Amino acid sequence: MTKFLHDSSLAANSLADDAARQTLALNPLVSLRTEDFVEAANTFAKAAMSQPKVAVEQWWSFARELANVTNGVSSRAPESGDKRFNDPAWKSSPIHQKMLQSYLAWGNAVNEYVGKINLGDQDRARAKLFSQIVVDAFSPTNSLVSNPAALKKVVDSGGQSLVSGFKNYVEDLVKNGGMPSQVDTTPFQLGKNVATTPGAVVFRNEIFELIQYMPMTSEVWQRPLVIVPPQINKYYSLDLSPEKSMVQFLLKQGIQLFCISWRNPTAEHRDWGLDNYVMAVDVAVDTAKAITGSPDVSLMGACSGGITSSAYVGWLATKGEHKVKNLVLPVCMLDPSTADDTALGPLVTPRTVEAARQSSRQRGVLDGDELAKVFAWMRPNDLIWNYWVNNYLLGNAPPAFDILFWNGDTTSLPARLHSDYLDLFSTNPFRNAGALSILGTPIDIQRVKLDTYVVAGVTDHITPWKSVYQTARILGEETTFVLSNAGHLQSLLNPPGNPKSTFVTGAASQSDTDAFLLSAKQQTGSWWLHWNEWLSERSGPKIIAPATLGNVEFSPGAPAPGTYVFNK
């Protein structure tokens, strides 16, 4: 039993590490319905019926490879990095080796078939999506009788893994809609061991709370930083645990810090649109200015929060107001015409966009939980089958991991805001001046003249780095662009001390991304340190840190993490 518990712990740690790299951190620009997956299946089926010759040719190719497997002369092996087949039995056991090679041959035949049939780009993308989902689902690792690690676990645990797995399965049927749980939420409590940095709500209205954090240094920089998080996730990804809290890192550098915490909207808030959220940012900026006495602020908007922030500074520029001095945009894609590089980009059509719009209009919101489930099927090996094997076949508890706890704590989008974001696909307003109006004022992002710092992740599949590089280009060739060696969320949560962290940085002066890489400066360590130098140089003079939060007009209320963060 001790070995059983030890193996369970190792599996949970490995799963948690993988999940940290695969966390979706959802971007509300793109959404898919269940019907879109059905349409992908129909596309595949129609192609098979209309082009039988290609199907027959591919079948015979598969049959020949299957004969090689049977005769022991096949060289098929899983791709490097495919952890599904790490168990030694897949190499040492002739039965499991032939099972693996047969599966790989079949998967290859299906993929080659999709590549050869005569389809348009959109239909091919749909067929590829469906076929990959099917191939991944039929992996021998997903079945108890063909998974050697699961069978060994049954023996080593005296059958306890079967009991535990069935219990996990029933619990997920009841509480998680039949999807494998990605995280054990029981160890985490907001304000207790997650989002614990001292601070207080200094402003609250029906859309957001503004949290001011208590300084951690005797002196602070005069110009505060206001953070605008994505609307589809809660803000506290930036304050998970002290050792990887961006909030605490900034406070320890003397930055005066304010962070918006969005309210989780319901159907009654269906009419909150981009106008409302931009005005919310304006109120937050005015509040931070009033409390600190600074004439302006630095503004940071991550992911979709960066879209809101960019619309806001564009609106300010058009009005000739100078409330923001510096702009920081991590993992933010402003040009949706580059969305073909995203996981969902090839599947986005005018019809699917309009269908998504109508769906959220009918319900009043785009439900974050449902969107998360749909996105999971875009990377099923990482976000579904990993947990299927861990929770049900091995009988382990899902990992207790703070990033996954946050990732599962989704919020909804008001129907109007969702519609406004979807409009970006057709209008591309950050490329086309005047295509977007805020409160009736057309904006032109080219009028924005701010010091800007843009961050991307080299393995980000939500906002691919080449798309984010175009964000930097939109904001000017002098923009500082940083490319971290991580994915979407992990490129943002990049505290100093990780020996594997590297990044490249340079001005966005090259029109071509390959040319940028050739000219960029290679650096080791966390980009946070580089950013701190950049931000400190642009944060005004040092002043005595305030002893209290808020001021006479904005008195501190609920302690951080506030109250809206608890809304489900």
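This passage describes the overall build of the protein and then the setting of one residue, S298. The structure is a predicted model.

The protein contains 20 helices and 16 strands. Its radius of gyration is 25 Å, close to the 24 Å that the globule rule gives for 568 residues, so the protein is as compact as a globular protein of that length. The C-alpha trace spans about 80 × 55 × 50 Å along the principal axes.

Burial was computed for the 568 residues of the protein, and 57% of them count as buried. The exposed area of the protein is about 23,800 Å². Carbon and sulfur atoms supply 54% of that area. Contacts were also examined by sequence separation. Among those between residues at least 6 apart in sequence, 82% join residues at least 24 apart.

Charged side chains number 48 positive and 53 negative. The centres of the two sets lie 3 Å apart.

At the level of single residues, S298 was examined. S298 belongs to strand β6, which covers residues 297-301. The relative accessible area of S298 is 1%. Buried means under 20%, so S298 is buried. Residues up to four places away in sequence were set aside when the contacts of S298 were listed. Beyond them, S298 touches R223, P224, L225 and V226. S298 also touches N326, L535 and R538. With N326 there is a polar contact as well: the side chains of S298 and N326 are joined at 2.9 Å.

Technical notes:
Residues are numbered from 1 along each chain as its sequence is written. This is a predicted model: local features need pLDDT of at least 70, side-chain atom pairs count only at pLDDT 80 or more; totals for chains, interfaces and linings use all residues. Side-chain values use heavy atoms; hydrogens and water are left out. Helices (H or I, at least four residues) and strands (E, at least two) are DSSP runs, numbered from the N terminus. The radius of gyration is taken over C-alpha atoms; the globule rule is 2.2 Å times the number of residues to the power 0.38. Buried means under 20% relative accessible area, exposed over 50%, partly exposed in between (1.4 Å probe, protein chains only). Contact means heavy atoms within 4.5 Å. Accessible areas come from the Shrake-Rupley method with a 1.4 Å probe; for residues, only the protein chains shown count as cover. Lys and Arg count as positive and Asp and Glu as negative; His and the chain ends are not counted. The place of a charge is taken as NZ of Lys, CZ of Arg, CG of Asp or CD of Glu. A polar contact is a pair of N or O atoms within 3.5 Å; within protein, one must be able to donate a hydrogen and the other to accept it, and residues adjacent in sequence count only if both atoms are side-chain atoms.
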